[in-house]
Amino acid sequence: MGDKIKWESSMDSALARARSERKHVLLDFFNPG
Amino acid sequence: MDAVTYPDSKVVSFIGENLIPLQVQFDTQPLASDFNVKWTPTVITLDADGREHHRTVGFLAPDELIPSLLLGMGKSCFENERFNDALSYLEKILADYPKSDSAPEAHYLRGVCRFKSTHDPKLLKEAYEKLSKEYPSSEWTKRAYPYRLL
């Protein structure tokens, strides 16, 4: 695997990938400070 | 999380292999309202239809985040009545992260999944007995307390 997490930034694209790859979604709400 | 947990190599590998990671700012609308986010970090496990199954609020170290995500996937499978899939996630927590904060709930839910699969109430009693022995002060041991009578 790569050395960084490859974050999605849109729910639609994350869910589309989740359906096609048969995976769950990790949704992280963060505060950039 | 971005400084310590997400850069961890075990976390990067685990997420890459098991999950689709989606990161948004806490005030991103409509997601922040839809998920009622009030504090950060808030980490939520969703199924592929966007339904929430598990959330944590606050920092998690790598050895707590991974079992928490496994628990989230296990709960998703349980709530979709995929008990064998749920058991595989839950048993991984118990095998690899038995000291984690997610382990007692995994024990409890494992007992429930096994009962739902077999309708054998002894499996619930067994879950209570293991919880009371290994996690005597856990809230999940208290929640399983009635099963001692089965």
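Q: Where in chain B does B:P41 lie, and what is the peptide bond from B:T40 to B:P41, cis or trans?
A: In this predicted model, B:P41 lies in the loop between α2 and β2 (42-46) of chain B, and the peptide bond that leads from B:T40 into B:P41 is cis, with omega near -10°.

Q: Which loop holds B:P30, and how does the peptide bond from B:Q29 read, cis or trans?
A: The bond from B:Q29 to B:P30 is cis, with omega near 5°, and B:P30 sits in the loop that runs between β1 (19-25) and α2 (31-34) of chain B.

Q: What is the sign of phi at B:N36, positive or negative, and is the residue buried, partly exposed or exposed?
A: Although B:N36 is not a glycine, its phi is positive, about 50°, and the residue belongs to the loop between α2 and β2 of chain B. Its relative accessibility is 47%, and because partly exposed covers the range between under 20% and over 50%, B:N36 counts as partly exposed.

Q: How should B:H119 be read, as buried or exposed, and where does it lie?
A: B:H119 is found in the loop between α5 (103-118) and α6 (122-134) of chain B, and its phi, near 65°, is a positive value in a residue other than glycine. With a relative accessibility of 60%, B:H119 counts as exposed.

Q: Which elements make up chain B, and in what order do they run?
A: Chain B has seven helices and three strands, and from the N terminus on these run α-β-α-β-β-α-α-α-α-α.

Q: What does the radius of gyration say about chain B?
A: A compact globule of 150 residues would have a radius of gyration near 15 Å, and the 16 Å of chain B agrees with that. The C-alpha atoms fill a box of roughly 50 × 30 × 30 Å along the principal axes, while buried residues make up 51% of the 150 residues in chain B. Of the contacts in chain B with a separation of 6 or more, 45% join residues that are 24 or more positions apart.

Q: How is the size of an interface often given, and how much area do chain A and chain B bury between them?
A: The size is often given as the accessible area lost when the parts come together. Here chain A and chain B bury about 3,100 Å² between them, 67% of it on carbon and sulfur atoms. In chain A, the residues that lose the most area to chain B are A:H24, A:L26 and A:F29, together 30% of what that side buries. The contact takes 27 residues from chain A and 37 residues from chain B.

Methods: Residues numbered from 1 in each chain as written. Chains lettered and ligands numbered in written order. Predicted model: local features only at pLDDT ≥ 70, side-chain atom pairs only at ≥ 80, totals over all residues. Heavy atoms only, no water. Helix = DSSP H or I, 4+ residues; strand = E, 2+ residues; numbered from the N terminus. Rg over C-alpha atoms; globule rule 2.2 N^0.38 Å. Buried < 20%, exposed > 50% of the residue type's maximum accessible area, 1.4 Å probe, protein only. Contact = heavy atoms within 4.5 Å. Buried area = accessible area lost by both parts, 1.4 Å probe.
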